Amino acid sequence: MDIAAYMAEVGQQARAAATRVARSTTAVRNQALLATAEVLDAARDVLAVANGKDLKQARENGLDAALLDRLELTPARIDAMIEGLKQVASLPDPIGAITDMAYRPSGIQVGKMRVPLGVIGIIYESRPNVTVEAASLCLKSGNASILRGGSESIHSNQAIARCLSEGLAKAGLPEMAVQVIKTTDRAAVGELITMPAYVDVIVPRGGKGLIERVSRDARVPVIKHLDGVCHVYIDGHADPEKALKVAVNAKTQRYGTCNTMETLLIDKEIAEDILPLLVQAFVEKGVELRGCERTRAIVGGISEATEADWEAEYLAPVLAVCVVDGLDGAIDHINRYSSQHTDSIVTENYTRARRFITEVDSSSVMVNASTRFADGFEYGLGAEIGISTDKIHARGPVGLEGLTSQKYVVFGDGHIRT
């Protein structure tokens with residue numbers, strides 16, 4: 001296959017489809033989503049056969065148990081894909097909404113209208129259910145999409161792609177509005193991220209290596225986050241019971257997510273009282289602790305934390321613990337080591353909470369809440385395409401609105417500028 005020619009054809013088809021999707025009505029796009037849900041439901045056996053091929057190949061290639069689990073399309077996960085399509089169909093449509101209308105001294109009215117981005121390229125790994133999630137969000141927000149899944153899920157993704165095409169056709173939308181790349185050749189990624197004539201934005205979802213490569217080589221804008229080095233700071237004015245609940249949940253509710261706490265900070269004023277309780281709770285959960293010198297002086301049996309630990313995204317039952325000099329020390333530590341993803345303070349002091357949310361420069365900053373809430377569904381977005389730690393266009397969980405832009409609209413009545 002001539003990869004460059006193939007990807008150029010995909011890009012041209014996506015650009016043409018994007019124009020038709022953008023001018024389609026909410027009802028038509030919802031019809032496509034609901035039709036796809038019905039097609040997926042009817043194609044369970046086909047999906048199982050395709051997924052079985054991927055699982056067989058993955059086992060032969062020695063993929064570990066965690067990756068095999070992510071790859072498997074169980075009946076429950078197919079149910080979740082179907083339910084996800086229905087939920088996205090039920091979400092409010094952001095496209096065409098006009099806001100901030102105001103009269104200017106000249107007599108014209110100026111406002112902003114929400115519009116699709118155009119063509120969105122999404123690169124992801126392992127989980128084939130992401131194909132449906134990404135396609136549905138792009139379609140609902142009036143965009144065409146080009147999806148490049150992991151090579152290990154090629155058969156599953158192509159089977160899902162056929163369901164998406166059938167759903168689009170049933171609603172009268174172009175099948176090329178959602179295209180799943182048919183080749184596992186990595187050169188396709190290189191072409192996708194360097195086609196500004198056809199692709200308006202890239203969203204990479206996967207490991208740090210993938211995201212670094214895309215960020216480095218892309219010639220189109222990228223919505224991404226590299227790491228999830230998230231912190232919880234227990235302030236000297238914290239309620240101990242709340243602090244214990246929030247810290248333990250932030251770390252142990254789920255280990256392998258980007259919004260899981262990786263470093264726990266504790267005000268030196270309360271460290272001797274609360275540290276033993278926290279250590280006991282984490283040890284009972286099987287979490288390995290790595291502490292600073294002051295932490296280890298208060299509680300024995302903890303490994304020494306190195307500089308690398310403050311920068312680590314473990315994605316595992318490992319936690320770095322540091323005793324800091326109050327709020328100033330916590331803010332300094334976070335702004336030095338944080339990946340600007342999600343950071344939380346536990347305190348009963350309103351003034352300190354305000355300082356924390358003002359001075360900590362992260363995409364989500366919380367007060368008395370677990371970092372695990374940094375999620376599109378929990379934020380009321382309905383669903384998310386990912387989380388962005390960038391500061392331009394979209395920041396934090398990226399839902400439907402994050403897949404759109406705004407343009408100015410002006411209304412007059414024969415007005416001219418003098």
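Is Ile-98 buried, partly exposed or exposed? Partly exposed, with a relative accessible area of 40%. Keep in mind that this is a predicted model.

Where does Ile-98 sit? In strand 1, which covers residues 98-103. On the surface, Ile-98 joins Met-101 and Phe-411 in a nonpolar patch. That patch comes to about 250 Å².

Now to the inside. In soluble globular proteins, nonpolar side chains tend to be buried together. Here, the largest nonpolar core has 49 residues. Four of them touch the most other members: Leu-40, Ile-122, Leu-147 and Ile-385. Helix 6, residues 129-140, gives this core its largest share, seven residues. A separate core lies apart from that one and holds 46 residues. Among them are Ala-271, Ala-281, Phe-282 and Leu-319.

Take a look at Ile-385. Leaving out residues up to four places away in sequence, Ile-385 touches Ile-122, Ala-134, Leu-137 and Val-203. Arg-205, Val-398 and Leu-403 complete that list.

Last stop, Ser-363. Find Ser-363 in the loop between helix 15 (350-359) and strand 13 (364-367). Is Ser-363 buried or exposed? The relative accessible area is 17%, and the cut-off for buried is under 20%, so Ser-363 counts as buried.

What does the side chain of Ser-363 reach? The backbone oxygen of His-341, at 2.7 Å. Again setting aside residues up to four places away in sequence, Ser-363 touches Gln-340 and His-341. Ser-388, Thr-389, Arg-395 and Gly-396 are also contacts of Ser-363.

Key. Residues are numbered from 1 along each chain as its sequence is written. This is a predicted model: local features need pLDDT of at least 70, side-chain atom pairs count only at pLDDT 80 or more; totals for chains, interfaces and linings use all residues. Side-chain values use heavy atoms; hydrogens and water are left out. Helices (H or I, at least four residues) and strands (E, at least two) are DSSP runs, numbered from the N terminus. Buried means under 20% relative accessible area, exposed over 50%, partly exposed in between (1.4 Å probe, protein chains only). A polar contact is a pair of N or O atoms within 3.5 Å; within protein, one must be able to donate a hydrogen and the other to accept it, and residues adjacent in sequence count only if both atoms are side-chain atoms. Contact means heavy atoms within 4.5 Å. Patches are made of residues with over 30% relative accessible area and no salt bridge: like charges are joined within 9 Å, nonpolar side chains (Val, Leu, Ile, Met, Phe, Trp, Tyr) within 5 Å. Accessible areas come from the Shrake-Rupley method with a 1.4 Å probe; for residues, only the protein chains shown count as cover. A salt bridge is a side-chain nitrogen of Lys or Arg within 4 Å of a carboxyl oxygen of Asp or Glu. A nonpolar core is a set of buried Ala, Val, Leu, Ile, Met, Phe, Trp, Tyr and Cys residues joined through side-chain atoms within 4.5 Å.
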